[in-house]
Amino acid sequence: MSIERVDVAVVGAGPAGAAAALAARRAGASVLLLDRADFPRDKPCGDGIAAQTLDVLADLGVTGTTDGYPPVPGLRLIAPGGTEVARPLPRPAHTVPRRVFDERLVRAATEQGAELRRHTVRSVRVDRDGVTLDDSVKAAVVIGADGAGSVVRRALGHPVNPDGHLALAIRGYAPAIGAEQVIRTTSARWPAYAWSFPIGDGSANVGYGEVLRGTPLTKAYLLDRLTALLPGGTPTGLRAHHLPLSTHRPPPGRGPVLLAGDALSLINPFTGEGIFYAVLSGALAGTAAAAGPERVAARYTAAFRARLGRHLRHSGFAALLTRRPAVVDAAVRAARRDGAVYHRMVDLGLGDGVFDLRTIGRIGAAMLHRADAPC
């Protein structure tokens, strides 16, 4: 049996894989994009598209991915203790169902010359002249963008994230409760929160998620927590999904095999956001892969760290701090008083922002103020 040869094979055609294919094609590589599903297809997710995601796509020559879905101008954040802050987002977000968003990205990649093929990858073998997938495709470089249960990641010897660094969420659709994004945190089973992201047609993507800590979580339990935090009837289209948090990442690459998106555990531990990370890491991986297999893992790792390293350190620090619900309460109080603190928190949670001393000081002052308050 003859083996097909390509410069870059991308396993998984979600946002990370499509962005990788786009970047590799723009650099002139031949690209085979493999996915186990036909498109369009649903994917359990919050469906939130931050403005920074659109910036990365624009750099790849892709526009129009949010057409028909109006911008969402504001975010309401509710702390575990009940304090709320509602302000305009620094830049409006969008809510686009993944059935639509992913298909638009895949179409953009194929229009640029990537070949899309429905195929479930089961084996990955590295040898001296490339990477062989299922004894049928040989690529100079393979990019694993195949999600939380990544076959490519397992082939590199990296297990799934352990408890404490892996979340489970349930997502559905329900009538929108307003025109703003809503995130309601809760001290019960902390860290945990429910969300409602309006789509613009009267409906919203709603969900609930929490970090796993060794106790199995059932669909019934997750739905109960969702309806308790966001009452208004039982959502439709319920699906659960794992969220591998960025606080426990494998190396970005080894030899001629790279990882991107959820396969690289790129879920923001502060908010659960992952599409911005997926598109950005995919673009970086595709660019590195197109330059050839020689030292490709080192090139990708250097580019990844230069672009996201500082941010990931800060988001990891935020996740450590916010293990105490009182810190989140203080952060929300500080954001309510100071718009700059709010903007910093949003950029850290939805993009590639970092903390600064002023923001840390404001949050610290909010904690001290509450601690000094009379009973």
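Strands, in the numbering used here, are DSSP runs of type E with at least two residues, and helices are runs of type H or I with at least four, both counted from the N terminus. On that basis, select Pro40 in this predicted model: Pro40 sits in the loop between strand S2 (31-35) and strand S3 (48-49). The peptide bond leading into Pro40 from Phe39 is cis, with omega near 0°. Most peptide bonds are trans.

**Whole chain**

Zoom out to the full chain, which has 10 helices and 16 strands. Its C-alpha trace spans about 75 × 40 × 40 Å along the principal axes. The radius of gyration is 21 Å, in agreement with the value near 21 Å that a compact globule of 375 residues would have. Colour by accessibility: buried residues make up 55% of the 375 residues. The accessible surface comes to about 15800 Å², and carbon and sulfur atoms hold 53% of that surface. Of the contacts with a separation of 6 or more, 70% are between residues 24 or more positions apart.

Now colour by charge. The chain carries 45 positive and 33 negative side chains, and the centres of these two sets are 5 Å apart.

**The loop between S11 and S12**

Select Trp190 and Pro191, which are joined by another cis peptide bond, with omega about 0°. Pro191 belongs to the loop between strand S11 (181-186) and strand S12 (192-198). Step back to Arg189, also in the loop between S11 and S12. What is the sign of phi at Arg189? The value is positive, near 60°, in a residue other than glycine. Most residues other than glycine have a negative phi. Arg189 counts as partly exposed because its relative accessibility is 30%, and the buried class ends under 20% while the exposed class begins over 50%.

**Leu212, reached from Pro191**

Keep Pro191 selected and add Leu212. The two are 21 residues apart along the chain, and their C-alpha atoms are separated by 9.3 Å. Leu212 is in the loop between strand S13 (203-211) and helix H5 (219-229). Is Leu212 buried or exposed? With 11% relative accessibility, Leu212 counts as buried. Show its contacts beyond four places in sequence: Asp163, Gly164, Leu166, Ala167, Leu168, Leu217 and His242.

**Leu264**

Next, go to Leu264, in the loop between strand S16 (257-259) and helix H6 (275-290). Its relative accessible area is 0%, so Leu264 is buried. Which residues touch Leu264, apart from neighbours within four places in sequence? The contacts are Arg153, Arg249, Pro250, Pro251, Pro252, Leu259, Tyr300 and Phe304. For a distance check, pick Val206: Val206 and Leu264 are 58 residues apart in sequence, and their C-alpha atoms are 25 Å apart.

**Arg295**

Continue along the chain to Arg295, in the loop between H6 and H7. Phi of Arg295 is positive, near 55°, and the residue is not glycine. Arg295 is exposed, with a relative accessible area of 59%.

**Salt bridges**

Side chains of opposite charge can pair when their charged atoms come close. The structure holds 21 salt bridges; a few are worth selecting one at a time.

- Glu84 and Arg76: these side chains form a salt bridge with an N to O distance of 2.8 Å. Glu84 is partly exposed at 29% relative accessible area, and Arg76 is partly exposed at 27%.
- Asp102 and Arg98: the closest N and O atoms of this salt bridge are 2.8 Å apart. Both residues lie in helix H3 (residues 98-111), 4 residues apart, which is about one turn of the helix. Asp102 and Arg98 are both buried.
- Asp352 and Arg307: here the closest N and O atoms of the salt bridge are 2.4 Å apart. Asp352 is in the loop between helix H9 (339-350) and helix H10 (357-372) and Arg307 is in helix H7 (residues 296-321), so this pair ties together parts 45 residues apart in sequence. Asp352 is partly exposed at 27% relative accessibility, and Arg307 is partly exposed at 35%.

For the last stop, select Arg5, Asp127, Asp129 and Lys138 together. Salt bridges with shared partners join these four residues, Arg5, Asp127, Asp129 and Lys138, into one network.

Terms used: Residues are numbered from 1 along each chain as its sequence is written. This is a predicted model: local features need pLDDT of at least 70, side-chain atom pairs count only at pLDDT 80 or more; totals for chains, interfaces and linings use all residues. Side-chain values use heavy atoms; hydrogens and water are left out. The radius of gyration is taken over C-alpha atoms; the globule rule is 2.2 Å times the number of residues to the power 0.38. Buried means under 20% relative accessible area, exposed over 50%, partly exposed in between (1.4 Å probe, protein chains only). Contact means heavy atoms within 4.5 Å. Accessible areas come from the Shrake-Rupley method with a 1.4 Å probe; for residues, only the protein chains shown count as cover. Lys and Arg count as positive and Asp and Glu as negative; His and the chain ends are not counted. The place of a charge is taken as NZ of Lys, CZ of Arg, CG of Asp or CD of Glu.
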